[in-house]
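Reader: I should like to learn how the features of a protein model are read. May we work through one together?

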Amino acid sequence: MTDTLSPAPGQCAAVDAIRAHFPALTRTHHGHPVAYFDGPGGTQVPRQVAEATADYLLHHNANTHWAYPTSQETDAAIERAREAYADFFNASPREVVFGQNMTTLTLHLGRALARGWAAGDEVIVTELDHHANSDTWRALTRDRGIVVRTVPMDPASGELQWDGLAAAFSPRTKLLAIGAASNALGTINDVAAASRLAHDAGALCFVDAVHFAAHELVDVQAMGCDFLACSPYKFYGPHLGVLWGRRALLDALDAPKLEPAPDQAPDRLETGTLSHEAIVGAGAAVDWLASLSPGATSRRAALAGTFGALHARGLAQVSRLWDGLRTVRGVTVYGPPPTRPRTSTLSFAMAAHASEVVARHCADRGLFVSNGDFYATTVVRRLGHAHDGLVRLGCAAYTTGDEVERVIAAVGELAR
Ligand SMILES: Cc1ncc(COP(=O)(O)O)c(C=O)c1O
């Protein structure tokens, strides 16, 4: 692959050019350049995003809605970030809600929705999901008498059992809560098909796009969902959560709020004073992703160019990991093969070594990989690794083919 530092108009930056944006990539550990395979837990941050955050704190820091310049600049900066996420989601800025993280936003949404539901009403979740999605809705069982039905995954394929999903709806179903992609296995769900099933049954569809949004361009119109949440710290931004909801639904939600807080959406769902600096940084992350594909006719078109290129690279890297790791003695690789819809995140186990031993062995060689259950506890349990967990490798925009070879070699070394 030839890596030029300046992409031609209409093309996405090559990996060397992308890497130049990340000071963290100059780090070494035990004499090895660090390779960050921990993106599904949170990616590294480009200089542009950190600088936007610092600039806000150093020059524009204030609370909102007052009549002096720094407060007005804060209002404008938050509005710009909403516009960035409107482009990111293919939605309107008035449908973009900021919050502490996906979990907190989803718990808040759950409380609000359940105020309109009766005991015995039903929510569908899936085994493939991160517990930030499934447990949020399960909490309503205790609080509101909501019945939660769980759609099984197929451990062999790492995919959802779609006939089980279709069969889970009943006249009492109020909501389907589904992940767009599994943070443990990389499986991508057909969210558009899931939304159609939900709507046909008269239910709403909530999408957890935390893992998906780092790999594929979100399009809430094409997905046809009603709510969607993601976390910019998974795609080169600071620690923050973002919720999208259809405007009419956000306006109508009986969201817990303080009496003096604004009544209009999206502000009515944003409790207290938010992290303005993180919101600014999260907007800058969208702009950074768009800047990788210069010359596009709009920010959304630039994002499409970037995600298209990242998808192609990620697929090549996950294919190499899939093939390379499966030749290592004692390694079992989980999840869908690269020929199925998936992200560039892959998990595996080694027969003779605990996942933490593998992670430490890799870390000693400058390869930062995650291990455990990643809060996808049900997935890991269904694969028979509840006790020890899995090792997870995530390829991000800055991952190189050389790093992929290094991690395959390191795992191979441990098997010898
Ligand atoms: C798929 C998925 N959903 C939800 C979450 C929770 O996100 P947050 O940390 O923003 O609450 C994560 C975090 O790892 C995740 O990977």
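**A guided reading**

Author: Let us begin with the surroundings of one residue. Apart from its neighbours within four places in sequence, Glu 159 is in contact with Leu 128, Met 153, Asp 154, Thr 187, Pro 336 and Arg 340. Please keep in mind throughout that this is a predicted model.

Reader: Where does Glu 159 lie, and is it buried or exposed?

Author: A residue is called buried when its relative accessible area is under 20%. Glu 159 has a relative accessibility of 16%, so it counts as buried. Its place is in strand β8, which covers residues 159-160.

Reader: With which side chain does the side chain of Glu 159 make a polar contact?

Author: A polar contact is judged from the distance between N or O atoms, with a limit of 3.5 Å. Here the partner is the side chain of Arg 340, at 2.8 Å. Arg 340 also belongs to the list of contacts with which we began.

Reader: How should I read Asp 121 in the same manner, and what does its side chain reach?

Author: Start with its position: Asp 121 lies in the loop between α4 (102-114) and β5 (122-126). Its relative accessible area is 6%, so Asp 121 is buried. The side chain reaches the backbone nitrogen of Ala 118 at 2.8 Å. If neighbours within four places in sequence are set aside, Asp 121 is in contact with Ile 146, Val 147, Arg 172 and Lys 174.

Reader: Let us turn to strands. What is the order of the strands in the open sheet of 4 strands?

Author: To read a sheet, one lists the strands by partnership rather than by number. The order here is β13-β14-β17-β16, and the pairing is antiparallel.

Reader: Which strands stand at the edges of this sheet?

Author: The edge strands are β13 (331-334) and β16 (370-372). Each has a single partner strand, so one side of each is left without a neighbour in the sheet. Neighbouring strands are turned by 30 degrees against each other on average, with direction ignored.

Reader: Over how many bridges do β16 and β17 pair?

Author: Strand β17 (residues 390-394) pairs with β16 over 3 bridges, in the antiparallel sense. Within this pairing, Ser 370 stands opposite Arg 392 of β17.

Reader: Which helices are placed against these strands?

Author: Helix α12 (residues 355-364) lies across β14 (345-350), β16 and β17, and runs at about 170 degrees to β16. Helix α14 (residues 401-415) packs on the sheet as well, touching β13, β14 and β17. The direction of α14 makes about 10 degrees with that of β14.

Reader: Over the face of which residue does Arg 392 lie?

Author: For a charge over a ring, one considers the distance to the ring centre. Arg 392 lies over the face of Phe 374, at 4.1 Å from the ring centre.

Reader: How many aromatic pairs does a search of the whole structure find?

Author: The search finds 15 of them. Two planes over 60 degrees apart count as edge-to-face. The rings of Tyr 85 and Phe 98 have planes at 90 degrees and centres 6.0 Å apart, so this pair is edge-to-face. Tyr 85 belongs to helix α3 (residues 69-89) and Phe 98 to strand β4 (residues 96-99), so the pair ties together parts that are 13 residues apart in sequence. Both residues are buried.

Reader: Why is the pair of Phe 88 and Phe 89 called edge-to-face?

Author: Their planes stand at 70 degrees, with ring centres 5.7 Å apart, so the pair is edge-to-face. Phe 88 has 0% relative accessibility and therefore counts as buried; Phe 89, also at 0%, counts as buried. Ring pairs link Tyr 85, Phe 88, Phe 89, Phe 98, Phe 235 and Phe 307 into a cluster.

Reader: Finally, what should I look for in the backbone?

Author: Most residues other than glycine have a negative phi, and most peptide bonds are trans. Tyr 236 has a positive phi, near 80 degrees. Tyr 236 is found in the loop between β11 (227-230) and β12 (241-245), and its relative accessible area is 2%, so it is buried.

Reader: Is Tyr 375 buried or exposed?

Author: At 58% relative accessibility, Tyr 375 counts as exposed. Its phi is near 65 degrees, again a positive value, and it is found in the loop between β16 and α13 (377-382).

Reader: Which residues does a cis peptide bond join?

Author: It joins Ala 265 and Pro 266, with omega about 5 degrees. Pro 266 is found in the loop between α9 (247-252) and α10 (276-291).

How values were computed. Residues numbered from 1 in each chain as written. Heavy atoms only, no water. Pairing = 2+ DSSP bridges. Helix = DSSP H or I, 4+ residues; strand = E, 2+ residues; numbered from the N terminus. Axes fitted to C-alpha atoms, helices over the stretch in contact; angles between N-to-C directions. Contact = heavy atoms within 4.5 Å. Phe/Tyr/Trp six-rings, centres within 6.5 Å; stacked < 30°, edge-to-face > 60°. Buried < 20%, exposed > 50% of the residue type's maximum accessible area, 1.4 Å probe, protein only. Lys NZ or Arg CZ within 6 Å of the ring centre and 35° of its normal. Polar contact = N/O pair within 3.5 Å; in protein donor to acceptor, adjacent residues only side chain to side chain.
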